[in-house]
Amino acid sequence: MEFNRETALVETVLFLESEPVTTKVISNRAQLSEEVVERCLDNLKEKYEADNSGIELSMITGGWCLTPKKEYWSVLKEIYGAKKEGRLSKSAMETLAIIAYKQPITRAEIESIRGVGVDNMIRLLIERNLIKEVGRKEAPGRPTLFGTSKEFLKLFKLNSIAELPRLDEDEEERFELAR
């Protein structure tokens, strides 16, 4: 691993940025070419893979950021996790999971899966910026379709929705629309 001033500069940019940033943004901030930034990112990945590091370089929502390693985050997330907002209730998490796995999905479809009204859960998840309106369904009444937001990806440290864990057969069946 070649750790030089350029790599230290890229590391500093990542430390100072509060949101994930693309290689191009890092390049602009650090005034380095994108090729040099790519090499620096490789150096940082190698540095943070060491057992004596509590952080790692992560790609989240298409950008790079420094995040706690999972084994340390599990110990600290109660303190540092949701500084601004309380934890989500079980029913809010269930509603969020249905939206994440079945998006785009309407309120009526979510209610069909959950078996209960979800107006309050939808409102809460929109307020927390975890879901958003993503369009209208081509059906009578043109109901609103919901999907997850960039904030959802950041919260769960995902680069894209494709990185969601796969559902097993029982979970898949539970998420099917009631007929």
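This report covers selected local features of a predicted model. Local features need pLDDT of at least 70, side-chain atom pairs count only at pLDDT 80 or more, and totals for chains, interfaces and linings use all residues. Residues are numbered from 1 along each chain as its sequence is written, and side-chain values use heavy atoms, with hydrogens and water left out.

**Backbone geometry**

Two non-glycine residues have positive phi: Thr-61 and Asn-129. Helices (H or I, at least four residues) and strands (E, at least two) are DSSP runs, numbered from the N terminus.

| Residue | Phi | Loop between | Relative accessibility |
|---|---|---|---|
| Thr-61 | about 50° | β1 (55–60) and β2 (63–68) | 17%, buried |
| Asn-129 | about 65° | α7 (119–127) and β4 (131–136) | 39%, partly exposed |

Buried means under 20% relative accessible area, exposed over 50%, and partly exposed in between (1.4 Å probe, protein chains only).

A cis peptide bond joins Gln-103 to Pro-104, with omega near -5°. Pro-104 sits in the loop between α5 (90–102) and β3 (105–106).

**A buried strand residue**

Thr-148 belongs to strand β5 (residues 144–148). Thr-148 is buried, at 11% relative accessible area. Neighbours within four places in sequence aside, its contacts (heavy atoms within 4.5 Å) are Ile-99, Ala-100, Gln-103, Leu-130, Ile-131, Lys-132 and Ile-161. Gln-103, one of these contacts, also precedes the cis bond.

**A charged patch**

Asp-168, Glu-169, Asp-170, Glu-171 and Glu-173 form a negative surface patch. Patch residues have over 30% relative accessible area and no salt bridge, with like charges joined within 9 Å and nonpolar side chains (Val, Leu, Ile, Met, Phe, Trp, Tyr) within 5 Å. A salt bridge is a side-chain nitrogen of Lys or Arg within 4 Å of a carboxyl oxygen of Asp or Glu. Glu-171 lies in helix α9 (residues 169–174). Glu-171 is partly exposed, at 36% relative accessibility.

Key: Accessible areas come from the Shrake-Rupley method with a 1.4 Å probe; for residues, only the protein chains shown count as cover. Lys and Arg count as positive and Asp and Glu as negative; His and the chain ends are not counted. The place of a charge is taken as NZ of Lys, CZ of Arg, CG of Asp or CD of Glu.
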